[in-house]
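Subject: Structure for you to look through

Hello,

Please find the structure below, with its sequence. My notes on it follow, and the terms are explained as they come up.

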Amino acid sequence: QLSLLEDAGFGGVLLYIDPCDLPKTAVLDDKAFMVSLNSGGDPSTPGYPSIDGSYRQNRSNLTTLLVQPISAVLVKKLVYLPEDSIRKDMCIPLRLPATEKKIINLNIQSVTTYKTISNVIGYLKGTIFPDRYVVIGSHHNSMNSYGGQEWTGSSAIITAFIQAVMLKAKRGWRPDRTIVFCSWGGTSFGNVGSYEWAEDLKRVLQRNVVAYVSLHNPVRGNSTLLPIASPSLQQLAAESQSFNCMEKTKCPRSNVSSVQIQGDSDYFINHLGVPATRFSYEDVKTSENSSFLFEALFPVHTTKTEELDPSFRLHETIAKLTGHVTLRIANEPVLPFNALDIALQVQNNLKGSQVDTHQLLAVAARLRDTAELFQSDEMRPANDPKERAPIRVRMLNDVLQSLEKNFVIRQAPPGLYRNILYRLDERTSQFSVLLEALEHCKLHQSNETIEAALSEVLNSINSAQVYFKAGLDVFETALAGKK
């Protein structure tokens, strides 16, 4: 929103969250909040690591706009809503009356300073595939006045998981793949810690990371379990729920979806094309609007965690779900990724589109056919111990590991994921880049944006189809040579 206002020539923005969008369990109308305008990492070193010797660009202002977050109560005072426009039986979004004009003086005095951000990284080396990493990430607090105890749940869960894993490790157990435990710093300021660490190790991570498991703010509410996963991991996430759900009333067969999630998984999803998953408890209203509510940092009461989950059973459930997924990815000889689910989601994302997707649907159909062939011809024999050859397993895992890299486009509109398999929110099922381009066309009376977006989607689907086909050809050649 801010980038669009900047392009339109606006000078200042009063940023607020409408009371209709806030969860009913939280009373935040009168609360001010903080929001970071940083898209990711150290803004003075865009695209490269912020280490000693790196050139620092002068980017003290991340936008030309004067931006000030304000509470909804202050908005109501500025707008002067008439009493008859407020109905008790429903929530009406705030809006300025058409006939009213306000003049507001806005004076923003921001001071840019550099601070050291620290990450805490540990690992348990794998025995069979030590050069393949399963990354599990939480974050630690980096602010004194905002965020309250949100970070403690994340830290508590990863600590409990490490403790459980190390009990097994002391008895001689080791995972097949290396598990990397990460506690990130600077998350609230634009995922600084994770971005800089990943930028520093980009070439290694591109080749070696097989999945990212997120523990970003795992308990933000207590009404709904919200599982989010890449298409290739949705089946695994759903299976984990059925095995590990402690309170059936709290997670009754929650649908696993691929929607944009905030936090340190950002770099892994959008720059490395790594399959990712996250389990969290939300309030119902929050889960519907998580795409922007995660970015607003409200001061939280110090006992909030205890109020949400007094017995810590929700935290325990998240720990078990997260641990189950992590260990399965780390231990199964063949990565538990479902190639066909990617093809099915691509087809679902093209249904009901308002633009001409005839060519896209044809390519998507070929992708599904190839994925089905790949799933039946390669996955089943590799999962059979009698037919499982080490060279075949390694080749198959290399293909599975890089499936989603085909769907990372060069540049996405502000606020949208570069990985086009992720939707903007639960309310939309189409490709977000196509919906955004369609809105742009309506404003500018030009088809150039929609044509560019269609090309990006077409190239991604075609790239995935060619990738699957090449994988099948390699297997046939290898098996023929062996015979």
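Helices (H or I, at least four residues) and strands (E, at least two) are DSSP runs, numbered from the N terminus. Ala-343, for example, is found in helix H12.

This is a predicted model, in which local features need a pLDDT of at least 70 and side-chain atom pairs count only at pLDDT 80 or more, while totals for chains, interfaces and linings use all residues. Residues are numbered from 1 along each chain as its sequence is written, and side-chain values use heavy atoms, with hydrogens and water left out.

Confidence

The predictor's confidence in each residue is its pLDDT, from 0 to 100. The chain has an average pLDDT of 83, and 84% of the residues score at least 70. Strand E7 (residues 209–214) has the highest confidence in the chain, at a mean of 97, and helix H8 (residues 284–288) has the lowest, at 52. Where pLDDT is low, the predicted coordinates should not be read in detail.

The second largest pocket

A pocket is found on a 1 Å grid over the protein atoms alone: a cavity is a set of points where a 1.4 Å probe fits but cannot get out, whereas a pocket is an open set with protein on both sides within 12 Å along at least five of seven lines, and lining residues have an atom within 4 Å of a point. Grid points are joined across faces, edges and corners, and a volume is the space filled by probe spheres set on the points.

The second largest pocket holds about 1,700 Å³ of space. It is lined by 46 residues, and those closest to its centre are Pro-43, Leu-62, Thr-112, Thr-113 and Phe-189. Strand E2 (34–35), strand E3 (66–69) and helix H4 (192–200) are the elements that give two or more residues to this lining. H4 gives the most, with five residues.

For the make-up of the lining, Ala, Val, Leu, Ile, Met, Phe, Trp, Tyr, Cys and Pro count as nonpolar, Asp, Glu, Lys and Arg as charged, and the others, Gly among them, as polar. On that basis the lining of the second largest pocket has 21 nonpolar, 19 polar and six charged residues.

Where does the second largest pocket lie? It lies between domain 1 (1–30 + 61–111) and domain 2 (120–331), because both give residues to its lining. The domain bounds come from an automatic or database domain assignment.

Two asparagines with positive phi

Buried means under 20% relative accessible area, exposed over 50%, and partly exposed in between (1.4 Å probe, protein chains only). Asn-191 lies in the loop between strand E6 (177–184) and H4. Its phi is near 50°, a positive value in a residue other than glycine. With a relative accessible area of 10%, Asn-191 is buried.

Asn-217 is in the loop between E7 and strand E8 (224–229). Asn-217 is not a glycine either, yet has a positive phi of about 45°. Its relative accessible area is 6%, so Asn-217 is buried.

Helix lengths

The expected span of a helix is 1.5 Å times one less than its number of residues. Helix H11 (residues 313–331) has 19 residues and should span 27 Å, which agrees with the 26 Å between its end C-alpha atoms. Its buried residues include Leu-314, His-315 and Ile-318.

Helix H14 (residues 390–401) has twelve residues and should span 16 Å; its end C-alpha atoms are 16 Å apart, which agrees. Among the buried residues of H14 are Arg-392, Val-393 and Met-395.

For the 13 residues of helix H15 (residues 432–444), the expected span is 18 Å, and the end C-alpha atoms are 18 Å apart, which agrees. Buried residues in H15 include Ser-432, Leu-438 and Cys-441.

Pairs of residues

Back to Ala-343: with a relative accessible area of 0%, this residue is buried. Its C-alpha is 5.0 Å from that of Arg-368, and the two are 25 residues apart in sequence.

Gln-354 sits in the loop between helix H12 (339–350) and H13. Is Gln-354 buried or exposed? Its relative accessible area is 60%, so Gln-354 is exposed. The C-alpha atoms of Gln-354 and Leu-438 are separated by 8.2 Å, with their positions 84 residues apart along the chain.

Leu-373 is in helix H13 (residues 358–383) and is partly exposed, at 41% relative accessible area. Leu-373 and Lys-469 are 96 residues apart in sequence, and their C-alpha atoms are 9.3 Å apart.

Regards
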